[in-house]
Amino acid sequence: MSAPSTTNYLLLYRSPPWNPSPEEAQAAYGWWKAWMQKFSKEIINATDARGEAIGNLNPASKCVVYKAGAVTDGPYAEGKEVMAGFSFVAVDSLEQAIEIAKECPINKAPGASVEIRPLRRY
Amino acid sequence: MPTADPAPELPEHYFRHEFGRLVSVLSARFGVHRLELCEDAAQTALLRAVQSWSSRLPDEPGAWLYRVAQNHVLDVLRRERRVERHAAEVGGAEPSEGQVTEDAYMQSEVQDDVLRLLFVCADPSIPPESQLVLALKTLCGFAVEEIALRLFQSEEAVHKRLQRARACLRETHVEFDTPPLDTLADRLPRVHHALYLVFNEGYSSAQPDRLIRRELCDEAVRLTLLLAAHPVGATPETDALLALMFFHAARFDARVDGTGGLLVLEEQDRSLWDRRLVQRGLDHLRLSARGERFSRYHAEAGIAAEHCLAPTFAQTRWDEIARLYEVLDRIAPSPLHTLNRAIAIAEWQGPRAGLEVLETLAPPQWLLGYYLWDATLGELHRRTGDGERAARHLTRALELAPTLAEKDLLRRRLATCPVPRT
């Protein structure tokens, strides 16, 4: 068992609103499953007390920003993008994080993107 | 490395069938007048499942989906109540909040609810074309685009039919009215007809995609089996309908050749007929013979059985088939049944006998525009040696034929016509 890397990455998914048929949704389940299994060592799944995955954002929910004592609506991504979800990955380099992001099924949605942010532990 | 797959493959069409089960249970719980909300809730649950389940499948996936879907409905209802400033709803009729009853999602209750929704879809106030669309959307879990593709309609037309159907249901169903299944039993003939239509869409369809057509046939069989397993639907007619479906399904693979061309019965390789499905057809045919009633499905199943049991085309009992078409024509009069009877009689007693039957028929306008009318006349004249008449009818049939596969078949026939000497 190798020592866990000290640099982790946050992948943030954005995509246009997605309204699949049940058949399309099941196909997507297959892709996500395959991606998570392929990178099972690298993708850190945050789970709650019930053992259920955390990381799905609710695109229909209201998003607010608290700044300088005030709560405002937003932020609105350009066009029709919504924040779809996030994952943590434990790899040693940005290149490796990019390789994982490239294969993420979110990319199948036209106009989707993955933001890759390095994290540091202090 | 985990030894057990935490997120195993789901059965084929699981999401689509689960959609149908969710909508059934939710509409039973929250009312049929809320059908669209129930559909949205089921959709929400499936979307949540896509990412959530990919790392780990819940122990009870069905109950997990139901909980998410139910919470969606309750959220919407709560928001509506806040907006309308309603006081507490009529006591007892209000759906209890929050509590997830895993038991509520027990298999047998879900089956009941699915059947109830099937009967609700057969509401007499819903026009037949809207009924079919509603059943495909709510029970089979097809999306609007998928229905449009399968029924050769525009997405707009499908939307309109869905809206029409849902509006009819809102008018006939009072809030929180969940009619018990046995009070809907008199709709059984309409339910049969709707299932027959779904099967036909798969079997007779001009749809080029074989898998799509097969899927529609499978859906019809699935729902009809559910019907047959429940007291409200366990009738001889349901068994006859199942027999008919199994006999047709048995021949499904043999109907096209290697390049997707259509083969007539005479040309089909009978070794490709699925003997297990023929046997299931025979089992249901036997069950359908209980009692005194003889429906159109009995006649059609009997005809299909004759074909499936004949070892070769030449050994087909055409006299029996002709007799059954005569019965069918009496039970459910239609020029199409007369047409098919003429074909059977031609096989049995020669082409002139078949032509005589057709001469007694005054074809309505729609039949004259149906390619099989001219194709049949063309074929029978071809067999009597009247090449000129045959060519005329086959040429017109070629113009009217809806698909390339059927056109090719007719061209082959045309090519074998005796050319008149000039």
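These are my notebook entries on chains A and B of a predicted model.

**Entry 1: overall layout of chain A**

I began with the secondary structure of chain A, which comes to 2 helices and 6 strands, and I read their succession along the sequence as β-α-β-β-β-β-α-β. I then looked up burial and found that buried residues make up 19% of the 122 residues in chain A. Turning to contacts in chain A between residues at least 6 apart in sequence, I noted that 76% of them join residues at least 24 apart.

**Entry 2: confidence in chain A**

Before going into detail I checked the confidence, and chain A averages a pLDDT of 80, with 74% of the residues scoring at least 70. Within chain A, I found the lowest confidence in strand β3(A), residues 64-67, at a mean of 78, and the highest in α2(A), at 93.

**Entry 3: the sheet of four strands**

Which order do the strands of the open sheet in chain A take? I traced 4 strands in the order β2-β5-β1-β6, with antiparallel pairing. The edges are held by β2(A), residues 43-44, and β6(A), residues 113-119, and because each has a single partner strand, one side of each is left without a neighbour in the sheet.

I then went through the pairings one by one. Strand β1(A), residues 8-15, pairs with β6(A) in the antiparallel sense over 7 bridges, and in this pairing I located L10(A) opposite R117(A) of β6(A). The strands β1(A) and β5(A), which also run antiparallel, are joined by 8 bridges, and here I found that Y13(A) has G85(A) of β5(A) as its bridge partner. For β2(A) and β5(A) I counted 2 bridges, again in the antiparallel sense, with I43(A) partnered by V89(A) of β5(A).

I also asked what lies across this sheet, and found helix α2(A), residues 94-102, across β1(A), β5(A) and β6(A), running at about 155° to β6(A).

**Entry 4: the hairpin of β3(A) and β4(A)**

I next looked at β3(A) and strand β4(A), residues 70-73, which pair in the antiparallel sense over 4 bridges, with Y66(A) standing opposite V71(A) of β4(A). The hairpin has 2 residues between its strands, and in that loop I found A68(A), which has a positive phi of about 50° although it is not a glycine. I made a note of this value because most residues other than glycine have a negative phi. Is A68(A) buried or exposed? I count A68(A) as exposed, because it has 5 C-beta neighbours inside 10 Å, and the limit for exposed is 12 or fewer.

**Entry 5: the side of chain B that touches chain A**

I looked up the contacts between the chains and found that 21 residues of chain B are in contact with 17 residues of chain A. On the chain B side, α1(B), residues 14-30, and α2(B), residues 35-55, each supply at least two residues, and α2(B) gives the most, with 10 residues. I sorted the residues of this side by character and obtained 12 nonpolar, 5 polar and 4 charged.

In the segment before α1(B) I came to H13(B), which has a positive phi of about 65° although it is not a glycine. I count H13(B) as partly exposed, because it has 19 C-beta neighbours inside 10 Å and 20 or more would be needed for buried.

**Entry 6: helix α15(B) and its two sides**

For helix α15(B), residues 351-359, I listed the buried residues as P351(B), G354(B), L355(B), V357(B) and L358(B). I place them on the same side of α15(B), because they cover an arc of only 155° around the axis. On the other side of α15(B) I found R352(B) and E359(B), which are exposed. What do the buried residues of α15(B) pack against? I traced them to α14, residues 335-349, and α17, residues 371-384, of chain B.

**Entry 7: L277(B)**

My last entry is on L277(B), which I found in helix α11(B), residues 275-288. L277(B) is partly exposed, because it has 19 other C-beta atoms within 10 Å. Leaving aside residues up to four places away in sequence, I noted that L277(B) touches F246(B), A249(B) and A250(B). I also looked up its separation from A243(B), which lies 34 residues apart from L277(B) along the chain, and the C-alpha atoms of the two are separated by 9.2 Å.

Conventions: Residues numbered from 1 in each chain as written. Chains lettered and ligands numbered in written order. Predicted model: local features only at pLDDT ≥ 70, side-chain atom pairs only at ≥ 80, totals over all residues. Contact = placed C-beta atoms within 7 Å. Arc of directions from axis to C-beta. Pairing = 2+ DSSP bridges. Axes fitted to C-alpha atoms, helices over the stretch in contact; angles between N-to-C directions. Nonpolar A, V, L, I, M, F, W, Y, C, P; charged D, E, K, R; others polar. pLDDT = per-residue confidence, 0-100.
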